[in-house]
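Grab a pencil and work through these short exercises. Each one comes with a worked solution.

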Amino acid sequence: MPIHNADVAEIFNRIGDLLDIKGDNPFRIRAYRDGARTVSELSRSVAEMVEGEEDLKALPGIGKDLAAKIEEIVRTGSLSFLEKLEEEIPAGLVELLRISGLGPRKINALYTKLGITSLAQLREAVSRQKIRDLEGFGEKTEQNIRKELDRLAASARRIKLSTADEIARPLLAYLREIKGVRLAEIAGSYRRRMETVGDLDILVVHVSGSPVMERFLDYDDVQSVVSHGPTRSSVLLKSGVQVDLRAVGAESYGAALLYFTGSKAHNIAVRRIAVKNDLKINEYGVFKGKKRVAGRTEEGVYKQVGLPFIPPELREDRGEIEAAAQDRLPNLLTLGDIRGDLHAHTTRTDGHAGLEEMALAARERGYEYLGITEHSRHVTVAGGLDADELRAHIRDIDRLNEQLEGIILLKGIEVDILEDGSLDLPGDVLRELDYTVCSVHSRFNLARDRQTARIIRAMDNPCFHILGHPSGRLINERPPYDIDMEQVIRAAAAKGCFMELNAHPDRLDLNDIHLKLARELGVKVAISTDAHSTEGLNSMRFGIWQARRGWLEPGDVLNTRSWPELKKIFRRG
DNA sequence: GCCGTTTTCGGCCCGACTGTTTTCAGTCG
């Protein structure tokens, strides 16, 4: 069985958790977690690196010991060190870390004093009121554990960015209207535009005596108050989303914004530079001794450590600090750079708006073109087109283009990549189109090597242009199909094909890491909404956010170009 | 366990809030 990076990362994280519960050296624990992060965010396969006898120690946070452990995992599929740890510490204890309020120390106490090793046993102990008598625990703690067990049973998890956006915007507007509020901003992973968001972190600057904390707790959507203090409060919304509000002085706003935007790894890296320069950074500012030398703006904080402003989407400690230090941060794409959309459906197949309606909606959004890409025949549930129907559709588009002003409809197709790697429609009709989006809509569960070969074989077809929603994942609903994305992107580079970044908020496919890889390999990306309605065209902004997380500049993107320019690019080879 | 334009040893980011305590550890972000 092939070892994926995620498998290695899971083992290292598990070791981190077990060592934590055991009470091991915290820096050793961090080393395992750092190693896990490095491996999980790597665009290359560590298994292949091991096979190619590459030096794993070159990877950040991987030293002699972790390198040897990765090799053992790749070669044997398991790790003796983990097995030994699990003999020592019951594996079920790791589950207990999911209970907010229970950390390694308390879990260790529950285990040694009450013999609890699972969530089920914990629930049992709570209902028998056994927790409250333990040293360091009390009635309150027991009640909180009970609440958390219930919350976990209701399966609270990270929400999609688009859902977070719907919750965040009205809440932010509410806070900004409160008397005395000078500044309010949402920080955290929402500001970094991560594809999923765990909770919302909001930062406010207000004049003293303003009722912002009280009014926050009174917000209509609040279900319960988790904690509240003069500068920091947390609530649980009815939607199950936790919101933390933090109030700071204007002189600290930039430092706090940086701090609460994260990521944690980015902050640690920035603070490390500060320490080297005899500075201290916390959420109140940058300090030289006791003197505050920056903090009002993020720019000011970065400047103190010799860096330019780093856009929030890049703050993952994935090379942005080094790039900033060398003044080679990417000039990130913005929505204004987009000149058209290359993936849309109409009522001809499974869309909800007609050709003209979609064209006018695209024009309203300032676009120069809209690519119409109906499904091909294999997608029967969507009424996919066969060759004759597609020809008739092409003629419809031609006729409409003669009447339309200020917008051009491009003649495309979302053609299925069949199991053997062939395309669902013959070449003669595909050649009548302006371009193709080629997608997988069936046989999601092929083995990795076959799925990868299927897509790469499809790229050999001279009619292939853009690989649609390359991983097939639906966020929080369906995992990506098992493919070697690095190989696919390399193939696209070699064969002159393109990758889609599907901007639909349920997809956001490619992800940030593979976008960055595509950019590094020189593969251009189409950011497309896959709109099935005029409303669907609005998803472009989610694609832009994701693209920025992938370091994309306007030049890396197909649809920042005019149609005449694109036309040349689509002449493959 | 990792890492090194001060170091191969001795560091490793930092503060608020809670609950259980009588001055603070644990947890969280």
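**Exercise 1.** Which residue in strand 6 does Val222 stand opposite?

*Solution.* This is a predicted model, where local features need pLDDT of at least 70, side-chain atom pairs count only at pLDDT 80 or more, and totals for chains, interfaces and linings use all residues. Residues are numbered from 1 along each chain as its sequence is written, chains are lettered from A in the order in which they are written, and side-chain values use heavy atoms, without hydrogens and water.
- Start with the elements: strand 5 covers residues 222-228 and strand 6 covers residues 232-237. Strands here are DSSP runs of E with at least two residues, helices are H or I runs of at least four, and both are numbered from the N terminus.
- Next, the pairing: the two strands run antiparallel over five bridges (strands pair if DSSP finds at least two bridges between them).
- Then the link: three residues sit between strand 5 and strand 6, and the two form a hairpin.
- So the partner of Val222 is Leu237.

**Exercise 2.** Work out how many helices and strands chain A has.

*Solution.* Count the runs: 24 helices and 17 strands.

**Exercise 3.** Explain why the radius of gyration of chain A agrees with a compact globule.

*Solution.*
- Take the rule over C-alpha atoms: 2.2 Å times the number of residues to the power 0.38.
- For 573 residues, that gives a value near 25 Å; chain A has 26 Å, so the two agree.
- As for extent, the C-alpha trace spans about 80 × 60 × 50 Å along its principal axes.

**Exercise 4.** Find what percentage of the residues of chain A count as buried.

*Solution.* Apply the cut-off, under 20% relative accessible area with a 1.4 Å probe and protein chains only. The share is 52% of the 573 residues.

Technical notes
Buried means under 20% relative accessible area, exposed over 50%, partly exposed in between (1.4 Å probe, protein chains only).
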